[in-house]
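Trainee: Could you take me through this model step by step, starting from a single residue and working outward to the whole chain?

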Amino acid sequence: MDRVKRLGYSIASIVVLLVIWYAGGVAYPEVLPGLPETIDSLVTVLTTPGPYDHMFYYHVWKTIEMLFASLIVSMIVGTLLGIALGRSETLESTISTWIYAWLAVPSLVIVFLSAIWIGFDASSGFFAVPVVITPFVALNMWEGARNLDSDLAEMAEFFGADRVQMFTDIIVPQLAPFLFASFRSALSIGWKITLLVEAFLLTRGVGFMFRRYFDQYDLPTMMSWLIIFVVFLIVVEYGVLAPLHERVMEWRPDAEGVRVTE
């Protein structure tokens, strides 16, 4: 499908969503805020200081700060752990069960335990979010490492490739689809956990704003904050990840990674 047709379908889907939203707001105003009221609230959020005299971008930045700091830690630790599991049968036999047990621990429990162990402040969030999303990255990279083409490695050795060349020219290109899939999975899970931490433990960030207006039963303002954060995630996906993925995978356009969802 060409880009123009894809863009047309995307615009059509947005229009349909807005029509459904408008109709739902008229039919059930007590549970779904109307579209005009939400737009008014969105303008207010974007132009007026909120709680503690902070503009909206302060809260968005605080959420982004925690989310991406956690993603960096999780991608490094999860990638190394996943590759180690995929390349060592001994390690895989020893700790693979613990990876699945780690995945089974509810995110909410990890958030609460982090607050008890570290404190009811941002530092507990910087601990809890990586703890939750790292096993998802490790699982993806584990699968990628298990599927490395051994014939390519043997051929590289035959032609005298050293360890650096083996890593940069043989291993990394094969793992690239899994790295992108891991990052997308970690991003989709990480922002949910970040909002959870902010809603329960903190007094800043988008999650805190959700909880604040939930307590006031201010649905239009809640939806306004949801729109702000969804727009941010769409910008990250189509403005950064998709072009980067396309550029890195030019040599292998049909490759796809493994997507893991919570």
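Trainee: Which residues does T134 touch, not counting residues up to four places away in sequence?

Mentor: This is a predicted model, in which local features need pLDDT of at least 70 and side-chain atom pairs count only at pLDDT 80 or more, while totals for chains, interfaces and linings use all residues. Residues are numbered from 1 along each chain as its sequence is written, and side-chain values use heavy atoms, with hydrogens and water left out. A contact means heavy atoms within 4.5 Å, and with neighbours up to four places away set aside, T134 touches S74, V77, G78 and W102.

Trainee: With which side chain does the side chain of T134 make a polar contact?

Mentor: T134 sits in helix α6, residues 122–146, where helices (H or I, at least four residues) and strands (E, at least two) are DSSP runs numbered from the N terminus. A polar contact is a pair of N or O atoms within 3.5 Å, where within protein one must be able to donate a hydrogen and the other to accept it, and residues adjacent in sequence count only if both atoms are side-chain atoms. At 3.1 Å, the partner of the T134 side chain is the side chain of S74.

Trainee: Is T134 buried or exposed?

Mentor: The classes rest on relative accessible area, with buried meaning under 20%, exposed over 50% and partly exposed in between (1.4 Å probe, protein chains only). Because the relative accessible area of T134 is 4%, T134 is buried.

Trainee: The backbone nitrogen of which residue lies 2.8 Å from a polar atom of the side chain of Q174?

Mentor: Q174 belongs to helix α8, residues 163–201, and it counts as buried because its relative accessibility is 12%. Its C-alpha atom is separated by 7.8 Å from that of G144, although the two are 30 residues apart along the chain. The backbone nitrogen at 2.8 Å from a polar atom of the Q174 side chain is that of D149.

Trainee: Which residues is S224 in contact with, leaving aside its neighbours within four places in sequence?

Mentor: S224 is found in helix α10, residues 219–248, and it is classed as buried because its relative accessible area is 0%. Beyond the neighbours within four places, its contacts are T38, S41, L42 and V45.

Trainee: Which element gives the most to the lining of the largest pocket?

Mentor: A pocket is, on a 1 Å grid over the protein atoms alone, an open set of points where a 1.4 Å probe fits, with protein on both sides within 12 Å along at least five of seven lines, and lining residues have an atom within 4 Å of a point. The largest pocket is lined by 27 residues, with S10, S13, I14, I234 and Y238 nearest its centre, and the elements giving two or more residues to that lining are α1 (3–27), α2 (35–47) and α10. The most, 11 residues, comes from α10.

Trainee: Which two residues other than glycine have a positive phi, near 60° and near 50°?

Mentor: The value near 60° belongs to D53, in the loop between α2 and α3 (56–87), and D53 counts as exposed because its relative accessibility is 63%. The loop between α9 (206–215) and α10 holds the other residue, which is exposed because its relative accessible area is 54%. The residues asked for are therefore D53, at 63% relative accessibility, and, with phi near 50°, Y217.

Trainee: What share of residues 60–240 is helix?

Mentor: UniProt lists these residues as "domain: ABC transmembrane type-1" in an unreviewed entry; its positions are given in the numbering used here, feature names are shortened, and annotations may be inferred rather than shown by experiment. The end C-alpha atoms of residues 60–240 are 18 Å apart, the strand share is 0%, and the helix share is 89%.

Trainee: How many of the residues of the chain, as a percentage, count as buried?

Mentor: The chain has 10 helices and zero strands, and its C-alpha atoms fill a box of roughly 70 × 50 × 30 Å along the principal axes. Among contacts between residues at least 6 apart in sequence, 74% join residues at least 24 apart. Of the 262 residues, the share that counts as buried is 40%.
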